Amino acid sequence: QVQLVESGGGLVQPGGSLRLSCATSGIGFSIYAVGWYRQAPGKQRELVATITSGGTTNYADSVKGRFTISRDNAVNTVCLQMNNLQPEDTAVYYCNARNEFLSVRNYWGQGTQVTVSS
């Protein structure tokens, strides 16, 4: 059964760092692109960062230079290292996995809360 489980969220002060993890199971991880999305209250869900099966990365302009997405195929996990966090980064962060050969195979995790506040 397919599972995506996010972890690592929490409360951090402005300028601080968090590392989010997305642990996957039940998919052929090596052929999936993975993205991190976030949704703040009253706002649309937005793409934060993506990484393809080949390791190509892409970032939203708002997080470039601060966030880094990576993957470890040995443990079927994608991470998002978030540095210099700011209050506008506060949101629920979601992991999405998409089969690069069959895009209808597309899965979401339950999300993890990130709050940036003094």
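Biologist: How far is the sulfur of C79 from the closest cysteine sulfur?

Modeller: This is a predicted model, in which local features need pLDDT of at least 70 and side-chain atom pairs count only at pLDDT 80 or more, while totals for chains, interfaces and linings use all residues. Residues are numbered from 1 along each chain as its sequence is written, and side-chain values use heavy atoms, with hydrogens and water left out. A disulfide is a pair of cysteine sulfur atoms within 2.5 Å. The closest cysteine sulfur to that of C79 belongs to C22, and it is too far for a bond, at a distance of 8.9 Å.

Biologist: Which cysteine is joined to C22 by a disulfide?

Modeller: A disulfide is a covalent bond between the sulfur atoms of two cysteines. The structure holds 1 disulfide, and in this pair the S to S distance is 2.0 Å. The partner that the disulfide joins to C22 is C95.

Biologist: How many residues apart are C22 and C95?

Modeller: The torsion about the S-S bond of C22 and C95 is about -85°, so this disulfide is left-handed. The pair links distant parts of the chain, with C22 in strand 3 (residues 18-25) and C95 in strand 9 (residues 91-99). Strands (E, at least two residues) and helices (H or I, at least four residues) are DSSP runs, numbered from the N terminus. Along the chain, C22 and C95 are separated by 73 residues.

Biologist: Is C95 buried or exposed?

Modeller: Relative accessible area, computed with a 1.4 Å probe on protein chains only, sorts residues into buried (under 20%), exposed (over 50%) and partly exposed in between. C22 has a relative accessibility of 0% and therefore counts as buried. Because the relative accessible area of C95 is 0% too, C95 is also buried.

Biologist: Which strand pairs with strand 9 over 8 bridges?

Modeller: Two strands pair if DSSP finds at least two bridges between them. Strand 9 has 7 of its 9 residues buried, so it is largely enclosed by the rest of the structure. Strand 9 pairs with strand 11 (residues 112-116) in the antiparallel sense over 3 bridges, and 3 bridges also join it, running antiparallel, to strand 10 (residues 106-108). The antiparallel pairing over 8 bridges is with strand 4.

Biologist: Which residue of strand 3 stands opposite E6?

Modeller: E6 is found in strand 1 (residues 3-7), where the side chains alternate, with L4 and E6 pointing to one face and buried, while Q3, V5 and S7 point to the other and are not buried. Strand 1 and strand 3 run antiparallel and are joined by 5 bridges. Across from E6 in strand 3 stands C22.

Biologist: How far from E6 is the nearest side chain of opposite charge?

Modeller: A salt bridge is a side-chain nitrogen of Lys or Arg within 4 Å of a carboxyl oxygen of Asp or Glu. In assigning charge, Lys and Arg count as positive and Asp and Glu as negative, while His and the chain ends are not counted. E6 is buried yet has no salt bridge, and the nearest side chain of opposite charge, that of R45, lies at 7.7 Å.

Biologist: Which backbone nitrogen does the side chain of E6 reach at 2.8 Å?

Modeller: A polar contact is a pair of N or O atoms within 3.5 Å; within protein, one must be able to donate a hydrogen and the other to accept it, and residues adjacent in sequence count only if both atoms are side-chain atoms. The side chain of E6 reaches the backbone nitrogen of G111 at 2.9 Å. At 2.8 Å, the side chain of E6 reaches the backbone nitrogen of C95.

Biologist: Which residues are linked with R38 in a network of salt bridges?

Modeller: D89 forms a salt bridge with R38, the closest N and O atoms being 3.0 Å apart. This pair links distant parts of the chain, as D89 is in the loop between strand 8 (77-82) and strand 9, whereas R38 is in strand 4, 51 residues apart. R66 forms a salt bridge with D89 as well, with the closest N and O atoms 2.8 Å apart. Linked with R38 in the network are E46, R66 and D89.
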